[in-house]
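Good morning, and thank you for coming. I would ask everyone to look at the model on the screen while I describe it.

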Amino acid sequence: MRIILVTGLGGAGRTTVAAATALAEARAGRRVLLVSEDAEGVEDTGGLPGDGNLRVLRPEPAADFRREFLALQARSGTALDLLGAAPFEDAELTELPGSRPFALLRALREAAGGDHELAVVDLPPLPEALALLALPEQLRRYLHRLLPPERQAARALRPMLAQLAGVPMPAQWLYGTTARWEAELAAVQAVVEDPATTVRLVLEPGPAATRALRTARLGLALHRLSLDAVVANRLLPAGSEDPWLAGLTAEQHRHLAELRTGAGDALHELPHLGRAPRGADDLALLTPARPCAAPAPVPEWTVEDRRDEDGVLVWHVPLPGAAKEELSLVRRGDELLLAAGPFRRNLPLPGALRRCTVTGAGLVDGDLRVRFTPDPGLWPRTS
């Protein structure tokens, strides 16, 4: 099953493009799920050919927060009773800031488990979307560091500790909750990292578009996500006799040329309708490119063995659009903390590099090359 994640600059029309993509694929005979909080009117397009194949899933952050909070409260009931805490009821709970990303991640996991052939997911604007896609891996890393699964082996000591403390120890429910979170995050991370999951970037040609494309390519490469297409949206018609409109069009097309240079064959152009899109007929006029049957593979992060030449191993990390001055590397145990522009990621080292020392790094045509020197005695040079 294919999953297309649609994001872009705020106000560039990413929700419209997501809805148009989903509707076009449904009319082509595919079973499609559209995940969006804002796809107004898409459910009301019945009676058109192929529209019966389209289903809309709307994440509900407020309901999702209440459900998860009440479930956690129920599992923690014994400890809360000992503290004399008064439990909350459903009606008095208000959604807290930060609950929206988790509701969207759960919707993404649900989208991957249906009987449809394609899921189109309307993500938040670009910076928030990239942070959202990185969230499952980050949270799993935090859980493993703060509550290592191996610590559960100490549960034989809990009765003694409970007797000494005089109260039941919460370790069992704490580790149970952690295990559930770990399983849910792992399922979402598997969806994000699946080769059939791609990202579609929606931009309106303008001063910020080229910079957004560069940022997106860098962030997607760091998290090993494939770019499905770049959609240049709301293109004004050329050849207008009105000097004001002709000036706007000329400026927009200058920025469009920059996008063509940066995106190449991945760029697809959509016209400005002269009005806000309304209903399925307008969406049909804004159909971007259909997804390829097989997404382009993400470049491999290969380890090059140069021990016969200069005695080092080189880890190749593709980072298109990166600049040398915005990269930094820090070795932490078996991980490499890589900062690239506004993005950071802890990269687990391949097994061949874990007993090596980082001795340098360089950037060549968007390819970060990290040099490792094997520890003496572990990697004998071949003759």
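I shall begin with the chain as a whole, then turn to its strands, its cores and a few single residues.

Please keep in mind throughout that this is a predicted model. The chain contains ten helices and 14 strands. It has 383 residues, and 41% of them count as buried. The accessible surface comes to about 20100 Å², and carbon and sulfur atoms account for 56% of that area. How are the contacts distributed along the sequence? If we take contacts between residues at least 6 apart in sequence, 67% of them join residues at least 24 apart.

Let us now consider one arrangement of strands and a helix. Strand β6 covers residues 226-235 and strand β7 covers residues 267-271; the two run parallel and are joined by four bridges. At leucine 235, the bridge partner in β7 is proline 271. Together with helix α9, residues 243-263, these two strands make a β-α-β unit, and this unit is right-handed.

I turn next to the nonpolar interior. The largest nonpolar core has 59 residues, and those with the most contacts inside it include Leu5, Leu203 and Trp315. Which helix gives the most to this core? Helix α8, residues 209-222, does, with eight residues. Another core lies apart from this one; it has 23 residues, among them Val6, Leu118, Leu270 and Leu273.

Leucine 203 deserves a second look, as one of the residues with the most contacts inside the largest core. Leaving aside neighbours within four places in sequence, leucine 203 is in contact with residues including Leu9, Ala212, Leu213, Val230, Asn233 and Leu259.

Two polar residues come next. The first is serine 36, which sits in the loop between β2, residues 32-35, and β3, residues 54-57. Is serine 36 buried or exposed? Its relative accessible area is 2%, so it counts as buried, the limit being under 20%. A polar atom of the serine 36 side chain lies 3.1 Å from the backbone nitrogen of aspartate 38. Beyond its neighbours within four places in sequence, serine 36 is in contact with Thr15, Leu57, Arg58, Pro59 and Asp122.

The second is aspartate 282, found in helix α10, residues 279-284. Aspartate 282 has a relative accessibility of 8% and therefore also counts as buried. Not counting residues up to four places away in sequence, aspartate 282 touches Leu273, Arg275, Ala276 and Pro277. Of these, Leu273 has appeared already, as a member of the core of 23 residues.

Finally, I should like to point out two residues with a positive phi angle. Arginine 224 is not a glycine, yet its phi is positive, at about 60 degrees. This arginine lies in the loop between α8 and β6. With a relative accessibility of 30%, arginine 224 counts as partly exposed. Aspartate 365, likewise a residue other than glycine, has a positive phi near 50 degrees. Where is aspartate 365 placed? It is in the loop between β13, residues 356-364, and β14, residues 367-374. Its relative accessible area is 81%, so aspartate 365 is exposed, the limit being over 50%.

That concludes my description, and I thank you for your attention.

Note on methods: Residues are numbered from 1 along each chain as its sequence is written. This is a predicted model: local features need pLDDT of at least 70, side-chain atom pairs count only at pLDDT 80 or more; totals for chains, interfaces and linings use all residues. Side-chain values use heavy atoms; hydrogens and water are left out. Buried means under 20% relative accessible area, exposed over 50%, partly exposed in between (1.4 Å probe, protein chains only). Contact means heavy atoms within 4.5 Å. Accessible areas come from the Shrake-Rupley method with a 1.4 Å probe; for residues, only the protein chains shown count as cover. Two strands pair if DSSP finds at least two bridges between them. A crossover is right-handed if, with the strands pointing away from the viewer, the path from the first strand over the helix to the second runs clockwise. A polar contact is a pair of N or O atoms within 3.5 Å; within protein, one must be able to donate a hydrogen and the other to accept it, and residues adjacent in sequence count only if both atoms are side-chain atoms. A nonpolar core is a set of buried Ala, Val, Leu, Ile, Met, Phe, Trp, Tyr and Cys residues joined through side-chain atoms within 4.5 Å.
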